[in-house]
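User: Please take me through this structure by question and answer, and define the terms as they come up.

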Amino acid sequence: MYPSAAVEPAMTDEVLFEPMERTTPRFYITAAILLCFTMMMLGVYFRQLWKGLGVTGLTIPVYWGVYITNFVFFVGISHAGTLISAILRICHAEWRRSITRAAEVITVMVLLFGAGSVIVDLGHPDRALNMIFHPNFRSPLVWDMCSITVYLTGSVVYLFLPLIPDLALLRDRGKKRVWFYRTLALGYTGTERQKRILEKAIAVMAIVVIPIAVSVHTVVSWVFAMTVQPMWHSTIFGPYFVVGAIFSGIAALIIALAIIRNVYHLEQYLKDIQFNNLGLLLLVMALLWFYFTFAEHLTTFYGSSPEEMRILMSKISGPYAPLFWTMVVCCFIVPVSILSQPRLRSVKGTVVASAFITVGMWLERFIIVVPSLSQPRLVQSQGIYYPSITEILITLGFLATFILFYVLFTKIFPIISIWEIQEGREKALEEVHERVSAYMPGPEKVA
Amino acid sequence: MKLDRRDFLFLGGGAVGGAAMGRISLKGIGLLNEALASEPLSDPGEEKFASSICRSCSGGCGLRVRTVGGKVVKVDGNPLYPVNRGGVCPRAQALPQWLYHPDRILSPQRRDKAADKWQTASWDNSLHTLAGAMQKIPAADRKNRLVVVSGRGPGVAQRLLSRLLTAYGTDTVYTLPTGLESAHQALGFMAGSAKDGGATRMAYNLENSRCVLNFGCDLLEGWGTPSHTHWLFGRWRDSSRSGRRTTLIHFGPRFSVTAARADEWVSLKTGAWAAAALGLAYVLISEDLYNKEFVENCTSGFEDWTDSGGQRHIGFKTLVREEYRLSRVAELTGIPSETLVRVAREFVNSPGGVAIGPQQSPSQPGSLSDALAVHSLNALAGNVGARGGVALLPDNGWRLPEDPEQIKTSGSLEEILRAVAQRPDVLILDEASWLLDMMNSEQRESLSRIPLVVTSASMADSTTAVANLVLPDCTPLESWSEGQAPESYPFELLSVSEPVLEPRGESRPWGETLLALARSLDPAVAARLPWKDFSEALKAAAVPLATRQDGYVFGSEVDEQWERLLERSGWWNPDWKSGDEFWKGIRDKGGWWNPLSWPAEPQRTFPTPSGRFEFYPQRLAALSPDKASAGRERDRSVLPRHVELALVGDAREFPLLLDPYEPLSFYGSGARAIPYLQQICSPYGAGRGWLSWVEISGEDARRLGIRNDDTIWVESAKGKIRRRAIVIDGAMPGVVGGPLGGPPTTGLWATVEPPLADILAPNTDPVLGIRSSAVTRVKLYKA
Amino acid sequence: MARWGMVIDLDKCTACQACVVACQTENNVAFMKPSEAQMGRSIYWIKLTAFQEGKYPESKTRFLPLPCQHCDNPPCIKVCPVDATNITPDGIVRQIFARCIGCRYCTTACPYTVRYFNWYKPDWPEPMTEAQNHDVSMRPKGVVEKCTLCHHRLQKARETAIAEKRPLAPGEYIPACVESCPPKAMFFGDLEDPNSEVSKLSRSPRAFRLLEELGTKPKVIYLSEVERSGSNVS
């Protein structure tokens, strides 16, 4: 028998329980600042509701701008969680144990803001339910509504299921809000039968959630690709957006992990190896993203269709060139230079790369949405679109509120899956040892 | 269940927060719904159709007005009205916006100084003020201490004004230029005025023209009566009707809408109209293509001739042959010789070729010498007084009974500016916002020194900004309207229509105001205008016309064709039997016209000293200021000739030429405050409106680093102003188009911008004394 | 079933924009404040676009009145999530203002850019509300609007015809723009009726449609400009 992992007798995962039990002044300050942004956003949004979408910088022909960019961006980030967590679970990657919860929470929270971005963009949000009363199933936006709803539901379930044992732990600790945890724990006591059911359920969800996640961002991309507008109507959009989503999602995840690692002193749980591996994944996605972008733009350029060339040139050398080339630097040049060097794939290095990528990916969404609209076929272009202060404040508000929700979550639920860490410590070593031995040449081991 | 304090707070907070959120969100959605709901409509009322006559420009198109519940909802063209035949230009379409404009002045306003706030006054009070000021002027001084400027088109109201002023003691009514003055006077010199010395109007029979040479007129942007001209254009391009498509060739420096829509745009250097026309004449003469029959039998001054005093004069032919060789013309105009040859041949190849021009816009009517050159082309084609050509017709418009004297009318902008500069005691402005637009800031300033400035504006415009008494007029829909044949229209016409609705507020039709003013002045004046109200005056004017032995009340097109046919065979069936029946007929059907008033046979004799069409106009020679010079020099100054534009400023410092023009939205008078018209003011520049702009060519723009929509400085030797730049790729380099008009300077949407007049250096025609052109040297640079 | 179509003769069009204003007056189209107009947010259900081709001196400007093309295969109705825009059996692409949620997907999907959005509540200064045409509903802020081929006129004409127990006569239903055109460059009618003027003109060798290659099957047909009459230049 392989000995259990060396456990320092003093190691008891107490630090994982701390956020829920102790609140520092730093938390209140952070929450207060974030709440300010949230209030500002609400105020600005009500003004927009009162006056109309005219308070934005949108005009003919750029009917979609920052809000739709936010929508695509946020839905993209949602791929971080579920996809990463599900894929890593299926691949039995043991280093995932400390990051799955954080990832899943990102997904659930950010999807709300993705949907929220669309609602903010509507001229008549009070009629949004018309999408349920009079749906037109040929519309990609209806497909969006369906798939995001399913994804959200699935993600919530996929977040909740592995949360149950942790809730049981918290309930058993009996320190705070015990009745709350008791209600949510659904009477989980860790019996063999319960464990089996739970693990089966989690496994099923892990498999089910992957195609749903892929479909979500594919369908978001089809909102653009299903029109006939130049440089939107491209077959590559489906895979392109999924790759971009995973790319931006991992970057967001790395930033989130780095922050909670720092704030909650989780250095023992979120080790260099996690960041290194995530960094490697990020590097792979960066290369993939670059491949897709390059293929897309090269084919457009080579084809020289006049309508598409107008838009391509406005991106490469025209009014949108500064944004376009910043995007290339942020999404490819900087991350690849950092992440390709093992020495730099540390916490700091990956965080820097992720920050650049997050900004760059937001720009990428913007560059996809706006230039195609700004050069219509038959009508004179009106110049370049400038977002108004309303759009900027709402975007900042969304980000702040998302962070606020995330922070509140960490205060109520453990942000690192405690039972999985414990499981990893107790059983994983053995399982991995068995698995790897089975790969090696030699007779099958009879247990 | 153990609840400690923390849990309680948590639970309590959550509960309250949740409830609050719920309540707020429910209430919020309710409020939201209310805020976002559209207003319900109440029962609108009965739908009726009425006729009216437009007065947005002096053209006077027939309108068909749809009213619902007594409110005007839509204005369209009257299909029975011969001038526009069912179509109307966008200015008439926007009439409801004028009628119900928030800047409408609905009661008389007065103030002591232009800087003070307006105060509402009563009509009696206001008329009393004006009459008092007028009576105070001693009789001997009334000629120049009362100045009246009226941009209203001819009609009964203008006759009332003339009669009132004659009785009062002034001798001039200043009208605003129509743009056709130079061409009209030129034709008057060459083809003679009416036999009885009565007024004439210059008309074109463009319906039957097959080749139209347009020397710079903005045909599609307000020339003549816009709806009629547009209808003509549609007819020209409709080969199914006449079997042939009329060719339109546009000469001019600016790539205007007319130039773009013409069959060919011949770009020529600014001001070189005469050179171009005489170049074409050269081709016609040297290739023997001109109408020999007409020229030999009906014109004089073509060949060299000797006058009664034994003096030898050169003829038109000699002048053209010697001085307007194609090489010289190409140099003067920039037109390649091949083009001139080709165009000239095409001009005479088709029967019914006509030359229109030069420019004929109110701000640039053109110079006499240019107009003489253009008309000489018409003579060479033999179309003066002929089918498809140009003619001087007797001006049989509306007249009041017993109206022998004709007060002098002056349409010279320079004369008006002079009269106003002399600081009269009273200045009356009637539909004269165009005058204000043509004044530079200094001239406008000087108006504030006139003690009493009265305006009839129905809406806040540039005249109300300088006035201290407003006697608000109505829109044409609220008053009895009359119309007559517009200046370039070929047929005689008289029309009348009832008001469509009551005047809004306390505004009053100008005709009524004049009658009331007459009554407020001394009894001698009142006696001359004895009618109770304007409709009575109209009827009094109409009844004498019933004695005419021609013409028809408006009918459907089929009826007209039949009637024309009958008349050709010598029959004329009157549509009326008495004066009253005539009045009733024109009231019901809208008017009377004579489709056969265009000369049926080409004109053979002309009421000139020689009895012929004069290439060398003898009356002009008698007037000519060059009396000192003699011989060839003298002949040259009288015959049609090219005169270089006198431009102010150094050509190197100001390398570009600004060519002012009037877009359809702003043509003639203030329509600046009407939103729909602002939004369509330029077919080129994204039509956004509310800003003044200039048009520059792509090449100039590239050279100066100016992009479309940039704000630039336009500087001339007289000053500089800021304008938005619109780049027109295909325009001729070196020429800058300068539209007059722009955003309203008063009222709800006022944006005060310096007028184009601030930088213009206009030219006056030395013989006619009217403004001939306003082309100015400028330079452009980014702001 | 009728299939309504429009023919615009570009040879006769004088770029006067009477059609633009006629449509705006008939359909209560809101006008913008100067600052909004400068941003390019003015609504023109039919607008005049200018295409400049060539450089001086071989320059050509083509003016094109551009209404909603009422495509038979519209890209816009496919993408509306709430079915607020769809096509009637007689071919009019209509807009249900009361259902529109203002997502502006249809405006981005339209390749002709002929759909417009109400960015603010339409601001009608007081007396101008008197001139509103009660046959056409006022749009609130936040919804998309576009040319409806004066559908309300069709409804009125149909009602009159039904009341008088007769079929709809050609020429009885005519949109405001076609009615207003001074050079008579616009024609309207039933494309399915082989004897109607629009039907015959749509088969003219001069006829073309915009962006045909996209397969939208627009029912606004343009007649290209004509060569000038032969000039015998020897």
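Analyst: Two residues are in contact if their C-beta atoms, placed from the backbone, lie within 7 Å. Residues are numbered from 1 along each chain as its sequence is written, with chains lettered from A and ligands numbered from 1 in the order in which they are written. This is a predicted model, where local features need pLDDT of at least 70 and side-chain atom pairs count only at pLDDT 80 or more, while totals for chains, interfaces and linings use all residues.

User: Which residues does B:Ala277 touch, not counting those up to four places away in sequence?

Analyst: B:Ala277 is among the residues with the most contacts inside the largest nonpolar core. Such a core is a set of buried Ala, Val, Leu, Ile, Met, Phe, Trp, Tyr and Cys residues joined through C-beta atoms within 7 Å. Buried means that 20 or more other C-beta atoms lie within 10 Å of the residue's own, exposed that 12 or fewer do, and partly exposed is in between, with C-beta atoms placed from the backbone. With residues up to four places away in sequence left out, B:Ala277 touches B:Phe215, B:Ala355, B:Ala373, B:Val374 and B:Leu377.

User: Which helix gives the most to the largest nonpolar core?

Analyst: Helices (H or I, at least four residues) and strands (E, at least two) are DSSP runs, numbered from the N terminus. The core has 422 residues, and those with the most contacts inside it include A:Phe247, A:Ile250 and B:Leu280. The helix that gives the most to this core, 16 residues, is α9 (residues 237-263) of chain A.

User: What is the radius of gyration of chain A?

Analyst: Chain A has 15 helices and zero strands. The globule rule, 2.2 Å times the number of residues to the power 0.38, with the radius taken over C-alpha atoms, gives 22 Å for 447 residues, and chain A comes close to that, so it is as compact as a globular protein of that length. Its C-alpha trace spans about 75 × 55 × 40 Å along the principal axes. The radius of gyration of chain A is 23 Å.

User: How far apart are the end C-alpha atoms of helix α14 of chain A?

Analyst: The expected span of a helix is 1.5 Å times one less than its number of residues. The buried residues of α14(A) include A:Ile394, A:Phe398, A:Phe402 and A:Tyr406, and what covers the buried residues includes α1 (14-21), α2 (25-51), α3 (66-90), α4 (100-121) and α9 of chain A. For the 24 residues of α14 (389-412), the expected span agrees with the distance between the end C-alpha atoms, 34 Å.

User: Is B:Asn84 buried or exposed?

Analyst: B:Asn84 sits in the loop between β3 and α2 of chain B. Leaving aside neighbours within four places in sequence, its contacts include B:Gly62, B:Trp231 and C:Pro182; the C-alpha atoms of B:Asn84 and B:Gly62, 22 residues apart along the chain, are separated by 6.8 Å. Because B:Asn84 has 26 C-beta neighbours inside 10 Å, it counts as buried.

User: How many nonpolar residues does the side of chain B that touches chain C have?

Analyst: 72 residues of chain B are in contact with 54 residues of chain C. Elements of chain B that give two or more residues to that side include β3 (71-77), α8 (226-236) and α15 (337-349). Ala, Val, Leu, Ile, Met, Phe, Trp, Tyr, Cys and Pro count as nonpolar, Asp, Glu, Lys and Arg as charged, and the others, Gly among them, as polar. The side of chain B that touches chain C has 18 polar and 17 charged residues, and its nonpolar residues number 37.

User: Which strands of chain C stand at the edges, each with a single partner strand?

Analyst: Two strands pair if DSSP finds at least two bridges between them. In chain C, four strands form an open sheet of mixed pairing in the order β8-β1-β10-β9. Two of these strands have one partner each, so one side of each is left without a neighbour in the sheet: β8 (186-190) and β9 (207-208).

User: Which residue in β8(C) stands opposite C:Trp4?

Analyst: Strand β1 (residues 4-9) of chain C runs antiparallel to β8(C), and five bridges join the two. The residue opposite C:Trp4 in β8(C) is C:Asp190.

User: Which residue in β24(B) stands opposite B:Leu493?

Analyst: Strand β24 (residues 591-594) of chain B is joined by four bridges to the antiparallel β22 (residues 492-497) of chain B. β24(B) also pairs with β23 (residues 552-553) of chain B, in the antiparallel sense over two bridges, where B:Val553 stands opposite B:Trp592. Opposite B:Leu493 stands B:Trp593.
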